[in-house]
Amino acid sequence: NIGFDEIELPRITVDITHIIMLNLAQSVALDYYYQQSSELLERSATYSKQLEATGKIKLTRNKMRSFIGQTMNIKNKIAEELFIFDTSTLAWNTEELSEIDKKINEELNIVERHYGLQHNLAVVKENLDLFKDILQHKHSSLLEWIIIILILFEVIPIIKDLL
């Protein structure tokens with residue numbers, strides 16, 4: 001019997017303990033990464049509010065790259081360290097272990113919390129893509145103005161010579 005804050009078992013074995021600890025470890029890791037993703041989401045929201053209020057983003061290219069790197073690192077660590085959708089090989093061995101694994105997984109809402117974490121990271125990625133596009137457009141516009149000015153420097157002497 002697995003409840004909100006207790007697990008009742010007729011007997012305890014090393015394998016059962018392993019299954020319980022694996023699920024608890026996954027839960028703790030999910031909490032940690034969810035906190036990390038929430039911080040990234042808050043930073044992203046700060047830039048979104050700046051964009052809404054001023055029409056500009058106070059974000060340099062280096063800060064943008066750093067932000068992208070942080071997001072990528074969190075996604076990579078999640079992929080490396082969390083095995084949300086993989087059933088432990090121990091749970092495959094017996095029906096009892098499989099049932100315990102399934103019930104603990106459901107009680108801790110592992111899959112739903114993982115989807116919430118992925119959703120946060122997807123929103124951050126979407127915002128970063130938009131910010132990157134805005135910064136790229138700003139950079140392209142600057143380059144266009146530089147080219148226009150350079151062309152004018154070339155054309156002005158020619159026009160003077162013609163007059």
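**Figure 1. Helices α2 and α5 are roughly antiparallel to each other in this predicted model.** The model is predicted. Helix α2 spans residues 61-81 and helix α5 spans residues 110-162; their axes come within 11 Å and cross at roughly 155°. Because angles over 145 degrees count as roughly antiparallel, the pair is described in that way. The crossing of α2 and α5 is left-handed.

**Figure 2. Residues at the contact of α2 with α5.** From α2, the contact involves Arg61, Met64, Phe67, Ile68, Thr71, Ile74, Lys75 and Ile78. Their partners in α5 are His114, Leu117, Gln118, Leu121, Val124, Lys125, Leu128, Phe131, Lys132, Leu135, Gln136 and His139. Sorted by class, this contact comprises 11 nonpolar, 5 polar and 4 charged residues.

**Figure 3. The aromatic pair of Tyr32 and Tyr33.** The structure holds 3 aromatic pairs. In the pair formed by Tyr32 and Tyr33, the ring centres lie 5.1 Å from each other and the planes are inclined at 70°, an edge-to-face arrangement. The two residues are unlike in exposure: Tyr32 is partly exposed, with a relative accessible area of 42%, whereas Tyr33 counts as buried at 4% relative accessibility.

**Figure 4. The aromatic pair of Tyr47 and Phe67.** The rings of Tyr47 and Phe67 are tilted, with 6.1 Å centre to centre and 55° between the planes. This pair links distant parts of the chain, since Tyr47 belongs to helix α1 (residues 14-54) and Phe67 to helix α2, 20 residues apart. Tyr47 is buried, with a relative accessible area of 11%; Phe67 is likewise buried, at 0%. Ring pairs join Tyr47, Phe67 and Phe131 into a cluster. Two members of this cluster, Phe67 in α2 and Phe131 in α5, also take part in the contact of these helices.

**Figure 5. Helices α1 and α4 are roughly parallel to each other.** The axes of α1 and helix α4 (residues 95-107) are 10 Å apart, and the helices pack at an angle of about 20°. Because angles under 35 degrees count as roughly parallel, α1 and α4 are assigned to that class. The crossing of α1 and α4 is right-handed.

**Figure 6. Residues at the contact of α1 with α4.** On the α1 side, Asp15, Ile16, Ile19, Ile20 and Asn23 make the contact. On the α4 side, the residues are Glu96, Leu97, Ile100, Asp101, Ile104 and Asn105. By class, the contact of α1 with α4 contains 6 nonpolar, 2 polar and 3 charged residues.

Definitions and conventions. Residues numbered from 1 in each chain as written. Predicted model: local features only at pLDDT ≥ 70, side-chain atom pairs only at ≥ 80, totals over all residues. Heavy atoms only, no water. Axes fitted to C-alpha atoms, helices over the stretch in contact; angles between N-to-C directions. Helix = DSSP H or I, 4+ residues; strand = E, 2+ residues; numbered from the N terminus. Parallel < 35°, antiparallel > 145°, perpendicular 65-115°, else oblique. Left-handed = near helix turned anticlockwise from the far one by under 90°. Contact = heavy atoms within 4.5 Å. Nonpolar A, V, L, I, M, F, W, Y, C, P; charged D, E, K, R; others polar. Phe/Tyr/Trp six-rings, centres within 6.5 Å; stacked < 30°, edge-to-face > 60°. Buried < 20%, exposed > 50% of the residue type's maximum accessible area, 1.4 Å probe, protein only.
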